[in-house]
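Trainee: Please take me closely through the sheet of this model, strand by strand, together with what packs on it and what surrounds it. I would like every term to come with its cut-offs.

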Amino acid sequence: MSVDRERVSSLVRELLVAIGEDPDRPGLRLTPQRVAEAYAEFFAGVGADPAEPLARTISVSRGPAPDTLPSGAVMLRDIRFRSTCEHHLLPFAGYAHIAYLPGEQVVGLGALPRVVDILAARPQVQERLGEQVADTIAGAIDARGVLVVLDATHQCVTMRGGRQPDASTVTVAARGEMAEPAARTEVMALLAGTRR
């Protein structure tokens, strides 16, 4: 599904009038088209399949040590993401940290940020975004467990209402063995050493 740029542009023009602005003044003349282009990017994930990047898996049992299966977590930390809060249509952005306990198959590490990108590129709430990332990974590969931690700053918190510029929101979604306290604690301890 693609964003109807022409319709968005028309609606932004109406919005400018509604807030008391002149959409024909030089500084705003191109704003409706610019917003339409931005929205096409921000909401490119609407209708897209987030599991598509996970379709190609890599067998770990058909390598140089075929009797070896991974026993520990595979973790990708500090995945930058941005999304749009569905309540105020304001941005939120931060970092996703994903860990999974692989079975016989793993995925290329570049696939995990793509899952986040697709799901974040739609009107969202952070709590659901983390759950959707975890569900997508758990459903698409033979992971024994999945843990997704999102840490984000929301402009609806930093710019309006309570105006807390330093506040961030952390959410955790766990599936399978990663929902067990011991496995989860080990991975969370590893996340405590994030580079940023």
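Mentor: What follows begins with the whole chain, goes on to the sheet and then turns to its surroundings.

This is a predicted model, in which local features need pLDDT of at least 70 and side-chain atom pairs count only at pLDDT 80 or more, whereas totals for chains, interfaces and linings use all residues. Residues are numbered from 1 along each chain as its sequence is written, and side-chain values use heavy atoms, with hydrogens and water left out.

The protein chain has 6 helices and 7 strands, where helices (H or I, at least four residues) and strands (E, at least two) are DSSP runs numbered from the N terminus. Read from the N terminus, these elements follow the order α-α-β-β-β-β-α-β-α-β-α-β-α. Along the principal axes, the C-alpha atoms of the chain fill a box of roughly 70 × 35 × 25 Å. Of the 196 residues in the chain, 38% are buried, a word that here means under 20% relative accessible area, with exposed meaning over 50% and partly exposed the range in between (1.4 Å probe, protein chains only). Among contacts between residues at least 6 apart in sequence, 69% join residues at least 24 apart, a contact being heavy atoms within 4.5 Å.

The sheet itself is open and has 5 strands, in the order β5-β2-β3-β6-β7 and with mixed pairing; two strands are taken to pair if DSSP finds at least two bridges between them. Its edge strands are β5 (123-124) and β7 (169-176), each of which pairs on one side only. At the β5 edge, strand β2 (residues 74-85) and β5 run parallel and are joined by 2 bridges, and here Cys85 stands opposite Gln124 in β5.

Packing on the sheet is helix α3 (residues 111-120), which touches β2, β3 (91-101) and β5, and whose direction makes about 15° with that of β2; axes here are lines fitted to C-alpha atoms, for helices over the stretch in contact, and angles run from 0 to 180 degrees between N-to-C directions. Helix α3 is mostly covered, with 7 of its 10 residues buried, namely Ala111, Leu112, Val115, Val116, Ile118, Leu119 and Ala120. The cover over these buried residues includes not just sheet strands β2, β3 and β5 but also α2 (31-42), β4 (105-107) and α4.

Thr84, in strand β2, shows how this side of the sheet is surrounded. Thr84 counts as buried because its relative accessibility is 7%. Leaving out residues up to four places away in sequence, Thr84 touches Phe42, Phe43, Leu89, Leu90, Pro91, Phe92, Ala120, Arg122, Pro123 and Gln124; Ala120 in this list is one of the buried residues of α3, and Gln124 is the residue of β5 that stands opposite Cys85.

Further across the sheet, β3 pairs with β6 in the antiparallel sense over 10 bridges, with Gly94 opposite Ala152 in β6. Strand β6 (residues 145-154) is largely enclosed by the rest of the structure, because 9 of its 10 residues are buried. On to β7, the pairing with β6 is again antiparallel and runs over 8 bridges, and Ala152 stands opposite Thr169 in β7. Ala152 thus links two pairings, facing Gly94 as well as Thr169.

Just ahead of β7, Ser168 lies in the loop between α5 (155-158) and β7. Ser168 counts as partly exposed because its relative accessibility is 42%. Apart from its neighbours within four places in sequence, Ser168 is in contact with Asp151, Ala152 and Thr153. The C-alpha atoms of Ser168 and Val35 are 26 Å apart, with their positions 133 residues apart along the chain.

Another residue to look at beside β7 (169-176) is Glu131, which belongs to helix α4 (residues 126-140). Because its relative accessibility is 30%, Glu131 counts as partly exposed. Residues up to four places away in sequence aside, Glu131 touches Val172, Ala173 and Arg175. From Glu131 to Val148 the C-alpha distance is 7.8 Å, at a separation of 17 residues in sequence.
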